[in-house]
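Welcome, and thanks for opening the viewer. Have your selection tool ready and follow along one stop at a time.

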Amino acid sequence: MKTLTDQLAQYASYHRDRRNIATHFVGIPMIVLSLAILLSRPQWHIAALPFGASPALALFFFATLYYIVLDIALGLVMAVFSAACLAVGAELAQTSTGIWAGSGAALFVVGWAFQFIGHAAYEHRKPAFADDLIGLVIGPLFVLAEILFGFGWRRALRESVERKASALRERQHGRHQAV
């Protein structure tokens with residue numbers, strides 16, 4: 001299994017332009033919240049749980065477990081964000097189908113629009129998940145790490161990610177020029 005540094009560097013190699021990263025700060029949380037909303041139906045009520053179980057709960061549980069395996073601190077912060085998204089999703093799942101589906105779909109479409117605009121307008125490169133689907137799971141963790149790096153959190157990790165991302169980008173760029 002790849003390390004946290006490897007995963008973040010791989011993702012970062014597709015995200016070198018700060019304006020593109022800024023679009024991800026908006027788009028990725030919108031997509032994550034949309035998934036929590038859209039996958040909050042159906043809900044099953046299990047006596048042992050104080051909340052309803054749903055496809056969203058399963059998705060977020062396994063994603064958070066993966067994040068914790070990669071890094072306990074980041075995983076726990078993602079768990080808090082995930083819990084908030086799940087709470088919003090569960091609440092909206094109780095509303096009319098129009099409100100539930102409309103809010104989830106709108107967030108999903110607008111979030112992806114931000115993603116693709118960032119890549120087309122600023123990065124001039126396809127998104128990371130186009131080459132490796134794990135990028136869909138790493139994206140939210142990358143955004144969180146970038147926010148925390150901005151506050152000076154774990155400078156050594158940031159520097160290591162930046163070095164590896166630059167090396168990966170150079171290798172990818174060289175491979176594309178050779179074709």
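Is Thr64 buried or exposed? Keep in mind as you select Thr64 that this is a predicted model. Thr64 has 10% relative accessibility and therefore counts as buried, the cut-off being under 20%. Its home is helix α3, which spans residues 55-70. Now show what surrounds Thr64: setting aside neighbours within four places in sequence, its contacts are Gly75, Ala79 and Ser82.

**Stop two: the largest pocket**

Switch on a pocket display. The largest pocket has a volume of about 470 Å³. To centre your view there, select Val32, Leu35, Leu136, Val137 and Pro140, which are the closest to the pocket centre among the 27 lining residues. Colouring by helix is helpful here: α2 (18-38), α3, α4 (72-93), α5 (97-123) and α6 (135-150) each give two or more residues to this lining. Next, colour the lining by class. You should find 19 nonpolar residues and 8 polar ones, with no charged residues in the lining of the largest pocket.

**Stop three: the second largest pocket**

Which residues line the second largest pocket? Select Ser40, Gln43, His45, Phe51, Gly52, Ser54, Ala56, Leu57, Leu86, Ala90 and Gln94, and you have its lining. Here α3 and α4 are the elements that give two or more residues. The space in this second largest pocket comes to about 170 Å³. By class, its lining divides into 5 nonpolar and 6 polar residues, and again none is charged.

**Stop four: the enclosed space**

Rolling a probe the size of a water molecule over the atoms shows where empty space is left. How many cavities of 30 Å³ or more are there? The count comes to 1. The largest cavity holds about 50 Å³ of space. To outline it, select Gln7, Gln10, Tyr11, Ala128, Asp132, Ile134, Gly135 and Ile138. Two helices, α1 and α6, give two or more residues each to this lining, and α1 supplies the largest share, with 3 residues. The class colours read 4 nonpolar, 3 polar and 1 charged for the lining of the largest cavity.

**Stop five: the nonpolar core**

In soluble globular proteins, nonpolar side chains tend to be buried together. For the example in this model, start from Leu4, Leu8 and Leu141, which touch the most other members of the 32-residue largest nonpolar core. From there, follow the core out through α1 (4-12), α2, α3, α4, α6 and α7 (155-178), the elements that give two or more residues to it. Helix α6 makes the largest contribution to this core, with 7 residues.

Stay with Leu4 for a moment and show its contacts. Beyond its neighbours within four places in sequence, Leu4 is in contact with Leu70, Asp71, Leu74, Leu141, Arg154 and Leu157. Remember Asp71 and Arg154 from that list, as they return at the next stop.

**Stop six: the salt bridges**

Side chains of opposite charge can pair when their charged atoms come close. The structure holds 7 salt bridges, and three of them make good viewing.

Begin with Arg154 and Asp71, whose side chains meet in a salt bridge with an N to O distance of 2.7 Å. This pair links distant parts of the chain: Arg154 sits in the loop between α6 and α7, Asp71 in the loop between α3 and α4, and they are 83 residues apart. Arg154, at 34% relative accessibility, counts as partly exposed, whereas Asp71 is buried, with a relative accessible area of 10%.

Next, select Arg18 and Glu146. Their salt bridge has its closest N and O atoms 3.2 Å apart. Arg18 lies in helix α2 and Glu146 in helix α6, so this is another link between distant parts of the chain, with 128 residues separating the partners. Which partner is buried, and which is partly exposed? Glu146 counts as buried at 6% relative accessibility, while Arg18 is partly exposed at 47%.

Finish with Lys126 and Asp131, a salt bridge with 2.8 Å from N to O. Lys126 counts as partly exposed at 39% relative accessibility, and Asp131 is partly exposed too, with a relative accessible area of 43%.

How values were computed. Residues are numbered from 1 along each chain as its sequence is written. This is a predicted model: local features need pLDDT of at least 70, side-chain atom pairs count only at pLDDT 80 or more; totals for chains, interfaces and linings use all residues. Side-chain values use heavy atoms; hydrogens and water are left out. Helices (H or I, at least four residues) and strands (E, at least two) are DSSP runs, numbered from the N terminus. Buried means under 20% relative accessible area, exposed over 50%, partly exposed in between (1.4 Å probe, protein chains only). Contact means heavy atoms within 4.5 Å. On a 1 Å grid over the protein atoms alone, a cavity is a set of points where a 1.4 Å probe fits but cannot get out, and a pocket is an open set with protein on both sides within 12 Å along at least five of seven lines; lining residues have an atom within 4 Å of a point. Grid points are joined across faces, edges and corners, and a volume is the space filled by probe spheres set on the points. Ala, Val, Leu, Ile, Met, Phe, Trp, Tyr, Cys and Pro count as nonpolar, Asp, Glu, Lys and Arg as charged, and the others, Gly among them, as polar. A nonpolar core is a set of buried Ala, Val, Leu, Ile, Met, Phe, Trp, Tyr and Cys residues joined through side-chain atoms within 4.5 Å. A salt bridge is a side-chain nitrogen of Lys or Arg within 4 Å of a carboxyl oxygen of Asp or Glu.
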